[in-house]
Structure formats: structure tokens, C-alpha cells
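Trainee: Before trusting any label placed on a model, I would like to see how the value behind it leads to the word.
Mentor: Then let us take the labels one at a time, with the structure in view.
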Amino acid sequence: VMADARGVHSWGWNSSGPTGMGEHAEAMTLRRSNRSRLAHSTLYVAAVRKRHGKAITAKPCLDCQPLLKGVGKVVWRDSEGNWKELFRE
């Protein structure tokens, strides 16, 4: 989910993507987002295991991290359900 002070402006999920070759939720969220709001937005990356409803680690993969360069802040949930901030270079 991508949100800023005015609220949620984009969301995504893992899917086959526009090319049919697969797309991660982070990439879909960026593709669907309002680009003028990215710099002041927070991207929340979280996952819950459907089988038992517990939080699982949802840190953006190394392929997705460069895509997130223009986003103000990226936070993800670890397996304990704690929010961590992704520090980018």
C-alpha cells in the first residue's frame, strides 16, 4: 500500500503482470501510483500467511529495491509483525 498525508493512493499484489512474466506487489504499486505524490509517500510492504493468519517477513527483494528510489519511505513487516524501515543507498 502506498499512502501519504492525504491517504492511500495505490496498492498492489503479486500477479502475472502486464507481460505475463510475473510482477511483484511493489512494482505493481509503483506502476499504479500517482507519481507526483511519491516523494512524500510511505510504501507499506506486509504479508500474512493465509493458512494461519500470522505475519511473515515481507521485505522488498533486491530486484524491487532499486524501483523504490523515488518513494519517500519504505517500511516492511518482519516475521514478528514489527515494522522496519528499508534503508536505501
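Trainee: What makes E23 count as buried or exposed?
Mentor: Bearing in mind that this is a predicted model, E23 has a relative accessibility of 11%, and since buried means under 20% relative accessible area, E23 counts as buried.

Trainee: How do you know which residue meets the side chain of E23 in a salt bridge?
Mentor: The side chains of E23 and R31 meet at 2.8 Å, N to O, and a salt bridge asks for a side-chain nitrogen of Lys or Arg within 4 Å of a carboxyl oxygen of Asp or Glu, so the pair qualifies as a salt bridge. R31 itself has a relative accessibility of 45% and therefore counts as partly exposed, whereas its partner E23 counts as buried.

Trainee: How many salt bridges does a search of the whole structure find?
Mentor: The search finds three salt bridges, and one of them joins the side chains of R37 and D4 at 2.7 Å, N to O.

Trainee: Why can one say that the pair of R37 and D4 ties parts together?
Mentor: R37 lies in the loop between α1 and β3, while D4 belongs to strand β1, so the pair ties together parts that are 33 residues apart in sequence. Both R37 and D4 are buried.

Trainee: Why is the contact between D78 and K84 called a salt bridge?
Mentor: Their side chains meet at 3.8 Å, N to O, and because the cut-off is 4 Å, that value is within it. With a relative accessibility of 10%, D78 counts as buried, and K84, at 38%, counts as partly exposed.

Trainee: What makes C61 and C64 fail to count as a disulfide?
Mentor: The count of disulfides comes to zero; for C61 the nearest cysteine sulfur, that of C64, is 3.7 Å away, and because a disulfide requires two cysteine sulfur atoms within 2.5 Å, the pair does not meet the rule. Taken from the other side, C64 is in no disulfide either, and its nearest cysteine sulfur is that of C61.

Trainee: Which of the words buried and partly exposed applies to C61, and which to C64?
Mentor: C61 is partly exposed, with a relative accessible area of 26%, whereas C64, at 4% relative accessibility, counts as buried.

Trainee: How do you know that β1 and β2 pair?
Mentor: Strand β1, residues 2-4, and strand β2, residues 7-10, share three bridges in the antiparallel sense, and because two strands pair if there are at least two bridges between them, the condition is met. M2 stands opposite S10 in β2, and the two strands form a hairpin with two residues between them.

Trainee: What is the volume of the largest pocket, and which residues are closest to its centre?
Mentor: The volume of the largest pocket is about 310 Å³, and of the 19 residues that line this pocket, N14, A25, E26, V45 and A46 are the closest to its centre. The elements that give two or more residues to the lining are α1 and β3, and the lining residues divide into 12 nonpolar, five polar and two charged.

Trainee: Why is S16 called partly exposed?
Mentor: S16, in the loop between β2 and α1, has a relative accessible area of 47%, and because exposed means over 50% and buried under 20%, that value falls in between.

Definitions and conventions: Residues numbered from 1 in each chain as written. Predicted model: local features only at pLDDT ≥ 70, side-chain atom pairs only at ≥ 80, totals over all residues. Heavy atoms only, no water. Helix = DSSP H or I, 4+ residues; strand = E, 2+ residues; numbered from the N terminus. Buried < 20%, exposed > 50% of the residue type's maximum accessible area, 1.4 Å probe, protein only. 1 Å grid on protein atoms, 1.4 Å probe; cavity = no way out; pocket = protein on both sides within 12 Å on 5 of 7 lines; lining within 4 Å. Points joined across faces, edges and corners; volume = space filled by probe spheres on them. Nonpolar A, V, L, I, M, F, W, Y, C, P; charged D, E, K, R; others polar.
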